[in-house]
Structure formats: C-alpha cells, structure tokens
Amino acid sequence: MRSKGTEPKKHDGATIAVLGLGHVGLPTALCLAETGRRVVGADSDAAKIAALQRGECPFYEPGMQELLLRHRNNPRFQLTDDIESAIRAGTILFICVGTPQRENGAPDLSQVEFLAHCIGRNLNGYKLIVEKSTVPAITGQWVKKTVSRHRRHALAAEIKNRTTYGKAAGFDVASNPEFLQEGRAIKDFFHPDRVVCGVETVRAQRLLADLYRPLNCPVLFTDLNTAELIKHTANAFLATKISFINMVSDICEAVGGDISQVAAGIGLDARIGRSFLNAGIGYGGYCLPKDMRAFINLGEENQVDVSLLREVEAVNNGRVRRFIGKVRQALWVMQGKTIAVLGLAFKAGTDDIRDAASLRVIRMLLEEGAAVQAYDPKAMENARRTMPEIAGRLKYCASAPEAAQGAHALLVLTEWDEFKTLDLRQIRELMEVPVIVDGRNLCNPAEVRRAGFEYLCMGRTTPHIERRARRTTLSHKQPARVLSMPRRDADKGTPLVLPLEA
Ligand code: UGA
C-alpha cells in the first residue's frame, strides 16, 4: 500500500466496475483504486453509498477507513447506487454481490442472476464479467447464458427502435475467486499467496493478467469451472484442518497431551503447515460454514460421496456444546451464575458476528439460567443489534474488567490480542470466583494459574497426564531441558508443566 499523503497512482487500463460493496466488493474496489485503476463502486443500497461518500465504512476492516478517506475525493474512484450506469461505465465488471445460504444449504444466486440480467441489458461495448462472489461450479456458464439471453432482448429492442447502441458488444465471463480473510483483507489483497483466474479467451486472460501485474504474485489461469471449484475446495480444506485439529484436541484431553504442541509438531512438516491448526470452539463467520454447506450440496446433487465433508461439519457443530460442557464442569450449576464473555466477533480483527460461536454460547448460557456480561473490542454494536440487552440477564460492557465484575467465570471466545495482555490480578480481584474457560487457547496456562485462576482450555495438558508424561520422560532418560519439571500451582496445588523449551 502506498504511504498516506502521496497522490493516488494512475493507470490507463480498462475501467473497473465493482458491483456490490460488501466485505468482498468494498476492499476490492478500494485496493484496485490504490493500484491506480479507474474504479466505479456500485451498490443498490443508497444509504450505504451516502455513508461511504461521507467517508464512513459500513464495517470494520483494518486499513480500510484510511483507503476510503484517501480515495473518496479521487476523481478516478466513484461511488454510485445506480448499478446500470456502473455497468455501462466499466469494461471489467466484478460481481461481488452476496450469495447467502438457502434452507437446503445451496447458495441463493438470485443477486448474481439479477446482475447478469442487468449486464445483458446494458452491454454498450465489450465487457469482461468477473465473478468474485463465492459461487458453485457452473455458475459462470449460467452467467454467460443469462447475459446472452438478455443481450438478445436488448438487441431486438434496438433493432425495433432503429438505434445502433450496443450492436457490436461482445463479452467474456471469468471467475476470479477471492481469498481475502476478514480482518486482513487489505493486506491479503496486496500480498496474496496466489490469484486464480478462470478464463475462456485470450482477451480475458490478458485483461486479468494486466490487472494483477502490480501485485507481483503467482497468477494461476484455469477454465471457469476449475476456478470456481478452487474457491470451494480451499475453504472446505481450511474447515477440514480446523475440524481435524479439534478432533485431535479431544483425543489430547482424553488420553493426555497438548494440542498446541501437537499442532506445532505436525505443522513443522512442510507438507502439512502450521496455519489453521488452532483448536477451539470451531470455525464461524459468513464464509466457511456457508461454503461447506454449498460444497456438500454440490457433491450431493451430483451423487458424489461427500461424507468426509459432512463429518467436518458435524465436528464443528459439536464444538460449542463441548465448550459449554467445560463451563458446566467449572461451575457445576449455571442457574443464577454471572458469566463474563470476552469476544463476540467470529474471529479477531473484525466486527463481524455472522455465524459467530460466541452467540451460540451466549444463547446456551442464557437458556441454562446464567446472566452474561459481554465485551468485544469491535463487535459490540453488531452484537447489540442481533441480541439486544436483557435487563439482569444480558449486558454489554465497555471493557474486559467491567465484564469480569462479580463474575463466577470468564470465557474467552475470540482471539483478540487485547485479551492476551489482560491485567490478570486486577481481573481476579474483580471476579466473584476466579475461573477462566478459554475457548481459543489464548492464555498461557502457567501464567493464569500463577495469577490464581482455575483454568480450563481446549485440549491442553491436564495434570494427571503431566505426571504420566514426566514418568515417560524420565524412563527414557531425556535431558531435563526437553521437558521441564512440574511446578505446583500457587493456589490449587495442582502439578503443572512449564512450556517446553525451544
Ligand atoms: C475465509 C478464508 O480463510 C478466506 O481465504 C476466504 O476468502 C474467505 O473465507 C471467504 O470465503 O470469503 P474468513 O471467513 O475471513 O476467511 O475467516 P477465517 O480466517 O478463515 O476463519 C474462519 C473461522 O475459523 C473463524 O471463526 C476462526 O476463528 C476459525 N479458525 C481459524 C479456527 O478455529 N482455527 C484456526 O486455526 C483458524
């Protein structure tokens, strides 16, 4: 990204229209503007466009506010709620509308279809139509068909009205799935591991190669279906890694072991890699759960055995129940207890609470008769809107210490950095009972126990196993540095294992 204060770059390439300014479209539009492109960002939500024009981002994404302020008055970056004018202004049209999940798990593609229809009716010159929204395989073919059908209508109308507008207009369809992660979308845009482009013509390939040249990253060109499949496969694989490590985490709890070290141990194998091996309360958000459903649906519709993916989903669905089991284990009776919840966003770095595990946890706590005091650094407004306060039962707090006030347990549900550096002694003093149940394995067990907390987490060494581990170590005559000697927890008298030395 260019530094603040410098003039935005200029690039003479084709004008880009980004259709749909949500979590995908808005970062895409702003980042393309930052590469010097002429960009028209369009969204049918007039209130959203007005807010953007005032310099207000509709959601939190690190670095996005700065980009918006930088390009708001850039004459090469325009915002409009008139989709048709944006289509006519652009040569490369990015489809970035939502593809929400329907009841049967299949994505609802009506917004994509609507855009294809509009594009067909507004072909005033060659267009490269690029799907960026996550869509199942063969959607590109449907977009092509739909644009053609409506273009025919437009041509017939022109002939009837004796106008020549759009007569020679041709178009290509491409698939350019996005791999941006919420909370790091701007970084991901400028430093992608790869860009995938499904194309059918050399012209489309050239336009996209030119567009992504400034990023200086590998660009994989495939056919349309393959690009669409790459997107679903990537998200399904990430979800599989998470469910896999969560299952192993349960095995660690059952037989003894530390899931963080298991993840480190397998992650050092370059074939496996360490990322997406953090055990916890499972994956949430708008993408992974929805894309898994859509991929399962695609397989089932085509008579492919997708039981592996169904299991991944089943493991994920069981994570919140398992976590609540730990809370119950810590508190015994939940009725009448006050519980501090730290973290509402589905992950750190975002204010997004769509399909967040935290909301399911809170609902279950309330059902069991507990009162909840919740805090999140960014997601409070969204949470309040989705789950309004209930007097004496659900309260949103301005800080972690406020949430901890009088609590019988403190739950960590989002991996915000802020929660790693809590003043543990202050929190302990504020709480009625010093218990932490950590759904993200964010805390250092030795530290929190030293600070006087009872500490439960996901799949990390339990005391009776530590004794067993120590016996094993000694019987193998390992040097002392490999496994530190157990210490006594100051308050509980339970043996502990210090983190292994590097
Ligand atoms: C995901 C993909 O990672 C992106 O590549 C993709 O572009 C995006 O979906 C999309 O399809 O638009 P995102 O939804 O932002 O990105 O979230 P992730 O970072 O993938 O995290 C998803 C969930 O998994 C979160 O709840 C997170 O806390 C959880 N997670 C992640 C774990 O439980 N363990 C891990 O090791 C990693």
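This passage describes the surroundings of one strand, E13, and of one helix, H8, in a predicted model.

Strand E13, which spans residues 435–438, is covered on both of its faces. On one side lie Val435 and Val437, on the other lie Ile436 and Asp438, and all of these residues are buried. Strand E12 (residues 409–412) pairs with E13 in the parallel sense, over three bridges, and within this pairing Leu410 has Ile436 of E13 as its bridge partner. Between E12 and E13 the chain passes through helix H17, made up of residues 424–430, and the resulting β-α-β crossover is right-handed.

E13 also pairs with strand E14 (residues 454–456), again in the parallel sense and over three bridges. Here the bridge partner of Ile436 is Tyr455 of E14, so that Ile436, a buried residue of E13, is bridged to Leu410 as well as to Tyr455. Helix H18, which comprises residues 445–450, forms a right-handed β-α-β unit together with E13 and E14.

Elsewhere in the chain, helix H8 (residues 202–212) has buried residues at Ala204, Leu207, Leu208 and Leu211. These residues are placed on the same side of H8 because they cover an arc of only 90 degrees around the axis. Val202 and Arg206, by contrast, are exposed and are found on the other side of H8. The buried residues of the helix pack against four strands, namely E4 (92–95), E5 (127–131), E6 (171–175) and E7 (195–198).

Key: Residues are numbered from 1 along each chain as its sequence is written. This is a predicted model: local features need pLDDT of at least 70, side-chain atom pairs count only at pLDDT 80 or more; totals for chains, interfaces and linings use all residues. A residue is buried if 20 or more other C-beta atoms lie within 10 Å of its own, exposed if 12 or fewer, and partly exposed in between; C-beta atoms are placed from the backbone. Helices (H or I, at least four residues) and strands (E, at least two) are DSSP runs, numbered from the N terminus. Two strands pair if DSSP finds at least two bridges between them. A crossover is right-handed if, with the strands pointing away from the viewer, the path from the first strand over the helix to the second runs clockwise. The arc is that of the directions from the helix axis to the C-beta atoms. Two residues are in contact if their C-beta atoms, placed from the backbone, lie within 7 Å.
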